Amino acid sequence: RTIVPQKIAEFPEYHIYRSKRVQEQFFGVSILLEAYRVYGETELLEFAISSLKTLIDHYMINGMIFNGEDYTTVCAPAIPMVDMAVFLKEQNDRRYLLFEKATLELGDFLYKRGFSFPTEGTKSELVNEEYEDGSISCTALSLLYICANLQYKQEYMDFAEEILKFHNAWTIYTPDARMYGSSFRWWETIWEGDG
């Protein structure tokens, strides 16, 4: 997949080509920002900024990354958001304010969401609570990454600690070295676990 700068059908400019998999676009932002750091080509940075702005403008609602479902912790989109805000601030580029504000809204959303850990495909009429291992760990990761790199908030630190203690219950301690310290997640049990 690639990010295209044109609006195509229902997709906004700077989207993953004809895809609503927003997590791939967040990865793309990280790759573009890193490519700019390596090659110094301004076009790469501007593409990354435009792509991230599109994600915020079209998929963020009150701090939640929403794409039909809550994607706020699918592949930890807080990381490229923090990285972009910090990088632009270091460059004295005032566009950092947009990304800093959005990232702090995301952190506040996660904090207020509490012990609900939805992810793509977890909706069920049979389940009132959603606990998905990747969403649990990425919630803690997102809050800690914000604290470490953008703005320290003690309530984020305390909540992340609670989350990680809760996450321990999902961790596998087995003599099988391939699985030790991992967990049974929905994705792994379908593809990796079937082997």
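1. In this predicted model, the cover over the buried residues of helix H5 includes H3, H4 and H6. The buried residues of H5 are Asp-133, Gly-134, Ser-135, Ile-136, Cys-138, Thr-139, Ala-140, Ser-142, Leu-143, Ile-146 and Cys-147. With 17 residues, H5 spans 24 Å from its first C-alpha to its last, which is close to the 24 Å expected at 1.5 Å a residue.

2. One residue of H5, Ile-146, is also listed among those with the most contacts inside the largest nonpolar core, a set of 48 residues, together with Leu-52, Ile-65, Met-81, Met-84, Phe-99 and Leu-106. At least two residues of this core come from each of helices H1 (22-39), H2 (42-59), H3 (78-90), H4 (96-113), H5 (133-149) and H6 (154-168), and likewise from strand E4 (64-65). The greatest contribution is that of H2, which gives nine residues.

3. The surroundings of Phe-99 deserve a separate remark: apart from neighbours within four places in sequence, Phe-99 is in contact with Ile-49, Leu-52, Lys-53, Ile-56, Met-81, Met-84, Ala-85 and Leu-88. Among these partners, Leu-52, Met-81 and Met-84 are themselves named with Phe-99 as residues having the most contacts inside the core.

4. On the cysteines, a search of the whole structure finds zero disulfides. The sulfur of Cys-75 has its closest cysteine sulfur in Cys-138, but the separation is 6.8 Å and therefore too far for a bond, given that a disulfide requires the two sulfur atoms to be within 2.5 Å. Cys-75 is partly exposed, at 39% relative accessibility, whereas Cys-147 is buried, at 8%.

Terms used. Residues numbered from 1 in each chain as written. Predicted model: local features only at pLDDT ≥ 70, side-chain atom pairs only at ≥ 80, totals over all residues. Heavy atoms only, no water. Buried < 20%, exposed > 50% of the residue type's maximum accessible area, 1.4 Å probe, protein only. Core = buried A, V, L, I, M, F, W, Y, C linked by side-chain atoms within 4.5 Å. Helix = DSSP H or I, 4+ residues; strand = E, 2+ residues; numbered from the N terminus. Contact = heavy atoms within 4.5 Å. Expected span 1.5 Å × (residues − 1).
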